[in-house]
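Let us take a walk through this protein together, from its overall order of elements down to a few single residues. Please have the sequence and the 3D view at hand.

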Amino acid sequence: MTETAVGSTAVESKSQQAYAAVKARIVEGTYTPGYRLVLAKIAEDLGFSVVPVREAIRRLEAEGLVKFERNVGATVSGIDPTEYLYTMQTLSIVEGAATALSAPLIDSVAIARARAVNEEMRECLEHFDPVRFTALNQDFHSVLFEHCPNPHILDLVHRGWNRLASIRSSTFRFVPGRAHNSVDEHEALLKLIESGADADTIERAARLHRSATLDAYLAQSN
């Protein structure tokens, strides 16, 4: 490998590290919507040059987590109630479809993994941590939709989750009661998949599960 290639690989590696670090801070709520992302300060915190941080910010912009404002620079994107409504409605449709298409391909090992995550979520309810609960929630649903054989639908699901990332960390903080129902609905979904329920039944259950969280959030907001 040439010296140039080695240098390029090093920058890419640091860019990935910067991307992961900044995204984690957005998801966890350390960087809140509207927070100004000063590249030099982030680079200093991470011990990197500005170059990999700039690449990371561009990647996050492509995912919708960061936006550039004139005379301001890069800031963390926010989601207003209308945007949240539209995104959740769309996600309920595409994730429901992805889950239904995945169902025949989800084996007993995957079911066991999803059930183990759901049990962690149930334990999390005792001393509720909305950020951890949300991370586990995504882990659970990933098991159900990642087997989707349609790459276009799967891409839309990933885009929906990325778009919501900056607000999802606080969703269950606003509606903690919804978390209890969510865990029970997860188990019901797993039982439908285990029993070989038809695609329409699984899709409807997955969509209603997503819509229920949206309804609870909007009711609380109003």
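Starting at the N terminus, the elements of the protein chain follow the order α-α-α-β-β-α-α-α-α-α-α. That gives nine helices and two strands, where helices (H or I, at least four residues) and strands (E, at least two) are DSSP runs, numbered from the N terminus. What you see is a predicted model, in which local features need pLDDT of at least 70 and side-chain atom pairs count only at pLDDT 80 or more, while totals for chains, interfaces and linings use all residues. Residues are numbered from 1 along each chain as its sequence is written, and side-chain values use heavy atoms, with hydrogens and water left out.

Now for the chain as a whole. Of the 222 residues in the protein chain, 43% are buried; here buried means under 20% relative accessible area, exposed over 50%, and partly exposed in between (1.4 Å probe, protein chains only). If we take the contacts between residues at least 6 apart in sequence, 74% join residues at least 24 apart, with contact meaning heavy atoms within 4.5 Å.

Let us begin with helix H1, which spans residues 3-28. Ser15 sits in this helix and is buried, at a relative accessible area of 13%. Neighbours within four places in sequence aside, Ser15 is in contact with Pro52, Glu55 and Ala56.

After H1 comes a loop that leads to H2, and Gly29 lies in it. Gly29 counts as partly exposed because its relative accessibility is 31%. Its C-alpha atom is 8.4 Å from that of Val131, although the two are 102 residues apart along the chain. Tyr31 is found in the loop between H1 and H2 as well. Is Tyr31 buried or exposed? With 7% relative accessibility, Tyr31 counts as buried. Not counting residues up to four places away in sequence, Tyr31 touches Val22, Arg25, Ile26, Leu37, Ile42 and Val76. Tyr31 can also be paired with Thr75: they are 44 residues apart in sequence and 9.1 Å apart in space, C-alpha to C-alpha.

Helix H2 covers residues 39-46, and its buried residues are Leu39, Ile42 and Ala43. Looking down the axis of H2, these buried residues fall within an arc of 100°, so they line one face of the helix; the arc is that of the directions from the helix axis to the C-beta atoms. As background, an α-helix has 3.6 residues a turn, so residues three or four places apart point the same way. Following H2 is Gly47, with a positive phi near 80°.

Further on, strand E1 (66-69) and strand E2 (73-76) are joined by a loop that holds Asn71. Asn71 is not a glycine, yet its phi is positive, at about 65°. Asn71 counts as exposed, with 81% relative accessibility.

Next, look at how two of the helices meet. The axes of helix H4 (residues 81-102) and helix H6 (residues 130-145) come within 7 Å and cross at roughly 55°. Axes are lines fitted to C-alpha atoms, for helices over the stretch in contact, and angles run from 0 to 180 degrees between N-to-C directions. This crossing makes H4 oblique to H6, since angles under 35 degrees count as roughly parallel, over 145 as roughly antiparallel, 65 to 115 as roughly perpendicular and the rest as oblique. On the H4 side, the contact is made by Glu95, Ala98, Thr99 and Ser102, and on the H6 side by His141, Leu144 and Phe145.

Finally, turn to the interior. The largest nonpolar core has 22 residues, of which Phe133, Phe140, Leu144 and Ile193 touch the most other members. A nonpolar core is a set of buried Ala, Val, Leu, Ile, Met, Phe, Trp, Tyr and Cys residues joined through side-chain atoms within 4.5 Å. Helix H5 (108-124), H6, helix H8 (176-194) and helix H9 (199-221) each give two or more residues to this core, and H5 provides the largest share, six residues. There is also a second, separate core of 18 residues, which includes Ala18, Val53, Leu65 and Val66.

One last stop is Gly177, placed in helix H8. Gly177 counts as partly exposed, at 47% relative accessibility.
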